[in-house]
Amino acid sequence: MEKRTLGNSGLEVSALGLGCMGLSFGYGPAADQKEAIQLIRSAFESGITFFDTAECYGPFANETLLGEALEPFRDKVVIATKFGFEGGDSKKGLDSSPARIRIAVEGSLKRLRTDRIDLLYQHRTDPRIPIEEVAGTVADLIREGKVKHWGLSEAGTETVRRAHAEQTLAALQSEYSLFYREPENEILPLLDELGIGFVPFSPLGKGFLTGAIDSTTTFDPTDFRNIVPRFSEENRKANQVLVELVKSIAMQKDVTPAQVALGWLLAQKPWIAPIPGTTKLNRLKENIGAAFLKLSLDDIQQIEDAAAKITIQGARYPADLQNRVGK
């Protein structure tokens with residue numbers, strides 16, 4: 001698989017990474033441990049070298065899973081994890097105090113069975129702790145060799161600038177897909193200017209762009225999408241027009257809708273490395289196929305022209321979670 005470098009950081013990753021959250025958290029019951037380990041190792045054997053987790057996925061279960069799965073080839077992969085919540089639990093408040101960051105990193109190192117974290121993100125901006133203080137703590141951890149690179153998740157432009165000025169950022173991780181294009185307005189130009197890589201999560205619109213979800217789909221009671229306004233029955237029905245567009249392009253190219261959606265994302269910038277997640281081996285293989293799909297300029301323009309006529313219905317987060325992003 002093609003490798004990409006995240007901005008000016010020198011951190012090289014596979015063009016597609018693997019978002020591991022859904023194996024333990026967020027989208028219904030956790031996957032079977034043995035099957036999840038098999039999936040992670042299959043991803044590596046297929047060329048994926050970039051794996052994304054966080055202490056709050058579980059909490060802690062996802063890091064433990066990843067640590068076991070990747071231990072045999074630890075030195076051949078890039079592991080990204082995150083801190084930022086009280087006690088490592090996203091259901092509690094934000095906490096990026098220096099003491100909490102250090103506790104989080106020590107815990108992550110043990111669970112991941114490693115002596116360093118390749119890419120450490122602040123999961124959400126903590127309004128109580130100046131970003132310069134967060135950056136300073138991470139800089140100390142970098143000097144100590146416990147962290148190699150750092151990044152932010154869902155941060156706004158002002159926070160990105162201030163953080164980068166204090167300690168060079170390798171990457172920003174935020175949602176980005178044909179289903180959510182807000183980063184194109186201010187975030188992507190800023191990252192281009194500063195030489196920071198971009199790691200889109202939910203590059204398949206939380207599954208919507210695969211074509212497997214429609215207005216009649218029911219989610220597990222513990223599935224996060226139950227509280228997402230964009231996934232209400234009414235909005236799913238209205239937003240189906242975007243899926244039909246992606247399906248039509250996929251038919252022309254003899255590929256799948258997911259591959260078109262990921263291929264479009266990969267074509268946006270050479271320093272973008274999306275991290276689609278899945279619990280199924282067949283979906284993993286399908287996603288990996290997107291890394292080898294070459295969309296022409298005409299293909300991209302056709303998608304752009306058609307997508308420009310579509311207005312997506314519904315917010316991507318409920319109000320309380322929206323308050324945590326873009327700060």
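What follows is a walk through the packing, the internal cavity and a few backbone oddities of this structure, which is a predicted model.

The nonpolar interior is a good place to start. In soluble globular proteins, nonpolar side chains tend to be buried together. Here the largest nonpolar core has 63 residues, and those touching the most other members are Trp150, Leu152, Val160, Leu172, Leu191, Phe198 and Trp264. Helix 8 gives this core its largest share, seven residues. A second core sits separately; it has 21 residues, including Cys20, Phe51, Leu66 and Phe73. Back in the largest core, Leu191 gives a feel for the local packing. Setting aside neighbours within four places in sequence, Leu191 is in contact with Val160, Leu172, Ile196, Gly197, Phe198 and Trp271.

Helix 9 also has an inward-looking side. Spanning residues 281–289, helix 9 has Leu284, Glu286, Asn287 and Ile288 among its residues, and these four are buried. Their cover includes strand 3 (18–19), helix 1 (33–45) and helix 8 (257–266).

Some loop residues are tucked away too. Ala15 belongs to the loop joining strand 2 (12–14) to strand 3, and it counts as buried because its relative accessibility is 0%. Beyond the residues up to four places away in sequence, Ala15 touches Met1, Glu2, Lys3 and Arg4 at one end of the numbering, plus Leu266, Ile272, Ala273 and Pro274. As for Thr53, 38 residues from Ala15 along the chain, the two C-alpha atoms are 17 Å apart.

Ser177 tells a similar story. This serine is found in the loop between strand 8 (171–175) and helix 6 (187–194). Its relative accessibility is 0%, so Ser177 is classed as buried. The Ser177 side chain comes to 2.9 Å from the backbone nitrogen of Phe179. Leaving out residues up to four places away in sequence, Ser177 touches Ser202, Pro203, Gly205, Leu209, Trp264 and Leu265. Trp264 turned up earlier, as one of the residues touching the most other members of the largest nonpolar core.

Next comes the empty space. Rolling a probe the size of a water molecule over the atoms shows where empty space is left. One cavity of 30 Å³ or more shows up in the structure, and the largest cavity holds about 30 Å³ of space. Its lining is made up of Glu175, Phe179, Gly205, Lys206, Val228, Arg230, Phe231 and Arg316. By type, that lining has four charged residues, three nonpolar and one polar. Two lining residues, Phe179 and Gly205, link back to Ser177: its side chain reaches the backbone nitrogen of Phe179, and Ser177 touches Gly205.

Lys206, another of the lining residues, has an unusual entry on the backbone side as well. Although not a glycine, Lys206 has a positive phi of about 55°. It lies in the loop between strand 9 (197–201) and helix 7 (233–253), and with 7% relative accessibility it counts as buried, because the cut-off is under 20%.

The other backbone features come in a row. The Gly58 to Pro59 peptide bond is cis, its omega near 0°, and Pro59 is in the loop between strand 4 (50–52) and helix 2 (61–70). Phe60 is in the loop between strand 4 and helix 2 as well, and it is a non-glycine residue with a positive phi, near 75°. At 29% relative accessibility, Phe60 is classed as partly exposed.

Technical notes
Residues numbered from 1 in each chain as written. Predicted model: local features only at pLDDT ≥ 70, side-chain atom pairs only at ≥ 80, totals over all residues. Heavy atoms only, no water. Helix = DSSP H or I, 4+ residues; strand = E, 2+ residues; numbered from the N terminus. Buried < 20%, exposed > 50% of the residue type's maximum accessible area, 1.4 Å probe, protein only. Polar contact = N/O pair within 3.5 Å; in protein donor to acceptor, adjacent residues only side chain to side chain. Contact = heavy atoms within 4.5 Å. 1 Å grid on protein atoms, 1.4 Å probe; cavity = no way out; pocket = protein on both sides within 12 Å on 5 of 7 lines; lining within 4 Å. Points joined across faces, edges and corners; volume = space filled by probe spheres on them. Nonpolar A, V, L, I, M, F, W, Y, C, P; charged D, E, K, R; others polar. Core = buried A, V, L, I, M, F, W, Y, C linked by side-chain atoms within 4.5 Å.
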